[in-house]
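Got your viewer open? Here's a walk through one structure, stop by stop, with a note on what to select at each one.

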Amino acid sequence: MTVSSISSPAKSRPSLASRLKSGVSATPLKIVVHGQEGVGKTTLASQAPAPIFIAPEKGFGLLGSHRLSPENWLDAIELLRMIRAEGKEYKTVVLDTADWMEALCWEHLCKINHVDSIEKVGGGYGKGYTAAYEQFRLMFSEFDQLQEQGKHVIILAHSAIRPFNPPEGTPYDRYAMKLNKQVAGLLAEWADVLLFARFKTFTSKERGAKKAYATGGQEREMRTSHDALFDAKNRFGLPETLPLDWDSFWSAYQESLKAVSTRCETVRNDIRKLLEQDSARLARAENNFITVGDDYARLVNIRAKLTNELQPTQES
């Protein structure tokens, strides 16, 4: 049987225009917050809707917050599955912190490989860190399923000052998540929003002085975009700096969605105009387009492809 014999007839497929969707879809978020110890990451997460924390038994200082304390790595995975099965009342799942969970992961890998160091897992040569990376991929899959249930997922991590050697220029120090670089990279890629939390400080230098001195350090803030000194990102056009509290973040997020929706509607109108010009030619390419909602980048890409296909052939 050929492929064409099992394909749906072209006339039975809905048109691209009929599948385009308008409006904002505020889906639950995957948020990573890293920063200095004591800056207020846990407090921020506690302000999210109906949170439950995956956190160690010792050192957790939020009275009244619901908390589960896994005994080991496998227990942590099981607790996430229990939340998915039984925790309907929770709207946010918080891991506090990723670097503490990484230590549990290393302990697990050392135990099952009968070694006393992550460096020795799999015979060494970095294989232990690769194994930990794969374990975290499994954990993030559990978090993804929680998000699909309608829950926010917030992962907290401590930051450390580490040397950075750019391909061009002079080496310098910057803040980075206190994790193995493989897991840190995976975490940054997985997140919808990566925030850097810090104390707001200012430096000044008196004339003739060799060193500057710092002032401030009382006000807390979070940064939402990449900087030479730290990792941060968002795909919603958030302000670069926000106060370190959930209400400020959520209000900015809602406002950014409205702005993105307006931009997307403009692109959708452009696409509708292109579809009106020559729908017969476009029908041959309809299978290449899907409903993308308010994904601005993909809508722009569809518009560009349609423009290239439908524009008159230019004679050389």
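Before you select anything, a word on labels: helices (H or I, at least four residues) and strands (E, at least two) are DSSP runs, numbered from the N terminus. What you're looking at is a predicted model, where local features need pLDDT of at least 70 and side-chain atom pairs count only at pLDDT 80 or more, while totals for chains, interfaces and linings use all residues. Residues are numbered from 1 along each chain as its sequence is written, and side-chain values use heavy atoms, with hydrogens and water left out.

**Stop 1: the whole thing**

Show everything as a cartoon. The protein has 10 helices and 10 strands. Now color by burial: buried means under 20% relative accessible area, exposed means over 50%, and partly exposed is in between (1.4 Å probe, protein chains only). Of the 316 residues, 39% count as buried. Contacts are worth a glance too, a contact being heavy atoms within 4.5 Å. Take those between residues at least 6 apart in sequence: 65% of them join residues at least 24 apart.

**Stop 2: strand β4**

Select residues 92–96, which make up strand β4. How many of the residues of β4 are buried? The count is 5 of 5, so the strand is mostly covered by the cut-off above. In a regular strand the side chains alternate between the two faces of the sheet. In β4, T92, V94 and D96 sit on one side, V93 and L95 on the other, and all of them are buried.

**Stop 3: the neighbors of β4**

Keep β4 on screen and add strand β2, residues 51–54. Two strands pair if DSSP finds at least two bridges between them. β2 and β4 run parallel and are joined by 4 bridges; look for I52, whose bridge partner in β4 is V93.

Next add strand β5, residues 152–164. β4 and β5 also run parallel, with 5 bridges. Two pairs to pick out are T92 with H152 and L95 with I155.

**Stop 4: along β5**

Stay on β5 and bring in β1. Which way do β1 and β5 run, parallel or antiparallel? They run parallel, joined by 6 bridges, and K30 stands opposite V153. Then add β6: β5 and β6 pair in the antiparallel sense over 6 bridges. Here I161 of β5 stands opposite Y175 in β6.

**Stop 5: three spots in the loops**

Go back to the end of β4 and zoom in on T97, in the loop between β4 and α5 (98–113). The peptide bond from D96 to T97 is cis, with omega near 10°.

Now move to the loop between α5 and α6 (127–148), where you'll find H114. Its phi is near 55°, a positive value in a residue other than glycine. H114 is exposed, with a relative accessible area of 73%. Y125 lies in the loop between α5 and α6 too, and has a positive phi of about 60° although it is not a glycine. At 82% relative accessibility, Y125 counts as exposed.

**Stop 6: N180**

Select N180, in the loop between β6 (172–177) and α7 (181–190). Is N180 buried or exposed? It counts as buried, because its relative accessibility is 17%. Show what surrounds N180: leaving out residues up to four places away in sequence, it touches E102, W106 and Y129. Then draw a distance from the side chain of N180 to Q182: a polar atom of that side chain lies 3.0 Å from the backbone nitrogen of Q182.

**Stop 7: the cavity**

Last stop: the empty space inside. Rolling a probe the size of a water molecule over the atoms shows where empty space is left. On a 1 Å grid over the protein atoms alone, a cavity is a set of points where a 1.4 Å probe fits but cannot get out, and lining residues have an atom within 4 Å of a point. Grid points are joined across faces, edges and corners, and a volume is the space filled by probe spheres set on the points.

By this rule there is 1 cavity of 30 Å³ or more, and the largest cavity has a volume of about 30 Å³. Which residues line the largest cavity? Select I31, V33, L44, I154, L195, M222, W246 and F249. The elements giving two or more residues to this lining are β1 (30–35) and α8 (246–277).

Technical notes. On a 1 Å grid over the protein atoms alone, a cavity is a set of points where a 1.4 Å probe fits but cannot get out, and a pocket is an open set with protein on both sides within 12 Å along at least five of seven lines; lining residues have an atom within 4 Å of a point. A polar contact is a pair of N or O atoms within 3.5 Å; within protein, one must be able to donate a hydrogen and the other to accept it, and residues adjacent in sequence count only if both atoms are side-chain atoms.
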